[in-house]
Amino acid sequence: MRRRHFVLGIGLVFGLIVLAVAGRLSPTYYTGLMTEALILGIFAVSLNLLLGHTGLPSLGHSAYFGVAGYTTAILSLRLAQSSWVSASAGIVVSVSVAAIYGLLALRTAGVYFMMITLALAQVLWGIAFGWRSMTGGDDGLPGIARPDLGALVPWSLQSPANFFTAVLIVFIIVMGALSLVVHSPFGYALRGIRESEARMDCLGYHVWLHKYVAVLIAGGVAGIAGILFVYYHGFVSPAELSLVLSAEGLLMVILGGAGTLFGPVLGATVVVFLRNLVSGYTERWLSVLGLVYLLVVLCAPNGILGAIRGRIPGWLSQEAEA
Amino acid sequence: MDFWIVQSLNGIAFGMLLFLLAAGLSLVFGLMRIVNLTHGSFYLLGAYIGFTVIGRTGSFLLAVVVVPLGIAALGLVMHRFLLRRFQGAELSQVLLTFGALFIFADVSLWYWGGYSHVLSKPAFLAGSLTIGTIVFPAYRIFVIVTGVIIALLFWLILERTTLGSMIRAGVDDEEMVRGLGINTPRLFTAVFALGAFLAALSGIIGGPLVGAYPGADFEVLLLALVVVIIGGLGSIGGAFVGSLLVGLIDTFGRALVPELAMFTIFAPMAIILALRPRGLFGRIR
């Protein structure tokens, strides 16, 4: 067991170094794609905490992603707050929305949960779409400047390579923290709830509270991804609150492998690179994406990592064992 | 005063359109627990194909009869060969219908282009009715009458026929119905096709009012979801009341506070969800 963790650690560090070097040395275009893959990877990982670990199929996860993005954008554009204030406020607001939505959605389960999370995310989408004077409506809000790190390190986040490195650092911190959560007694309890709520209830666990805390964490982490996304593009629009993004998150989680640690990141990477690859050849990207949805469900319901499990070293496909 | 009467009639007409759309979605959900995200695509395909059929033959009546049957066949194939094998796997079904939504949207964009098509009304409904000082388009009256007739038919089928009792029993307890020897997979496919039929029908009937354009599939899907959530999943009576409510709220919302048009629909839904998670007419199970 100890040796396995050692191998796991070495592998991880090695992988991250390769990633960091590759990201900084690649042509700008690929650095951009890798940045986006990491950001959407964080989003997918936060959704995976609900879907893969707790068994809560959220169909409105874009709510937290988008609301954090909009908060950051509105604070920095309309109220001229510093990026530290706007980004922190973004996280606070996404966790607060999760706190309210969690109260409503957790009264239901299963397919009702999907329906209600979808509807709740649409409330925010409706506000972003309709309230033109504040949110810019359909046009979104352009011109959001990236944070100035001048006081801390002599780095400009304007350069794609530096921004990639910053995102990678956030990514490592988030993955580390989530890995701790998933391997803590709390994480084991979540998987217990996924397998059998009634049994966990009998064992004396406060099932609702566990789920609620999972929703809060997932909302906050999705908010972090949303803020990075807005800084990356310098732009936020209702698309960041849409059902399309929520479903794409589900696709990433399932494509990579629900309940695994790195599966959702792999799924996000595949989707981001595939989109850019296919868009180069054809205008029919949406059809291809639709086919990917069908193929994933029909051919790889356990995801890429699930399909190749046992044929690769254990540490890569390790499930956070229940 | 006239403003309120005309807008109320507009709201009721829109509500009837929503009912055609939401009734199928609600039944499909209530019976087989599928969140069918292609429901809006059936609507849009119905409107687009209806546009082409009317353009080629000039007959609105032909389109109303033939196109929904074609879309019902499409729904039948989709359920029989794609969704049926995932019965009970709700997340897989959501992803499948979402993938199909993208494909239908992209194919329609490719064939019909990116602009809005408005279906032409049949000639005998082109005029308007004048009652006192109020002028109201005849076509909207037609939509209201059609909606009421379909609702009555639906109610008769559900309450008075064997098929209806099988469906109602299936909504209440699918396992028990299967235990009684009823071929539920076939029943499911039939209801799914019926939902597609109604969605396409509302696409054609709504075509002269709303039009067919890229993105309409999403818009009507969301409106139908709101109706179903407000009314209660699997309840036809709930779908009827919910449709009228949403139709009226949306019409008045657009007329009075256009900035908050979307919000005026979703906010009441969130409030109803908070108070009654199963909707107004949904049953606790």
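This is a short dialogue on how to read a predicted two-chain model.

Biologist: Before we start, how are residues, chains and ligands labelled?

Modeller: Residues are numbered from 1 along each chain as its sequence is written, while chains are lettered from A and ligands numbered from 1 in the order in which they are written. This is a predicted model, where local features need pLDDT of at least 70, side-chain atom pairs count only at pLDDT 80 or more, and totals for chains, interfaces and linings use all residues.

Biologist: What is the mean pLDDT of chain A, and which elements have the lowest and highest values?

Modeller: pLDDT is the predictor's confidence in each residue, from 0 to 100. The mean for chain A is 84, with 92% of its residues at 70 or more. Among its elements (helices are DSSP runs of H or I with at least four residues, strands are runs of E with at least two, numbered from the N terminus), helix α10 (residues 207-233) has the highest mean, 93, and helix α15 (residues 314-317) the lowest, 47. Over residues 314-322 of chain A pLDDT stays under 50. Where pLDDT is low, the predicted coordinates should not be read in detail.

Biologist: Good to know! How many residues does each chain bring to the contact?

Modeller: Two residues are in contact if their C-beta atoms, placed from the backbone, lie within 7 Å. Here 36 residues come from chain A and 33 residues from chain B. On the side of chain A that touches chain B, the elements giving two or more residues are α5 (110-130), α11 (243-256) and α13 (285-299) of chain A. Of these, α5(A) gives the most, with 14 residues.

Biologist: How does that side of chain A divide by residue type?

Modeller: Count Ala, Val, Leu, Ile, Met, Phe, Trp, Tyr, Cys and Pro as nonpolar, Asp, Glu, Lys and Arg as charged, and the others, Gly among them, as polar. That side then has 26 nonpolar, seven polar and three charged residues.

Biologist: Let's turn to chain B. How many helices and strands are there?

Modeller: Chain B has 11 helices and two strands, in the order α-α-α-α-β-β-α-α-α-α-α-α-α. Its C-alpha trace spans about 60 × 45 × 35 Å along the principal axes.

Biologist: And what share of chain B is buried?

Modeller: A residue is buried if 20 or more other C-beta atoms lie within 10 Å of its own, exposed if 12 or fewer, and partly exposed in between, with C-beta atoms placed from the backbone. By that rule 53% of the 285 residues of chain B are buried. In helix α2 (residues 39-57) of chain B, 15 of the 19 residues are buried, so the helix is largely enclosed by the rest of the structure.

Biologist: What follows α2(B)?

Modeller: B:Gly58 comes next, with a positive phi near 75°.

Biologist: Which residue that is not a glycine has a positive phi?

Modeller: As a general idea, most residues other than glycine have a negative phi. B:Arg33, not a glycine, has a positive phi of about 60°. B:Arg33 sits in the loop between α1 and α2 of chain B, and counts as partly exposed because it has 19 C-beta neighbours inside 10 Å.

Biologist: Finally, which residues does B:Ala200 touch?

Modeller: Leaving out residues up to four places away in sequence, B:Ala200 touches B:Phe42, B:Tyr43, B:Leu45, B:Gly46, B:Val67, B:Pro68 and B:Ile71.
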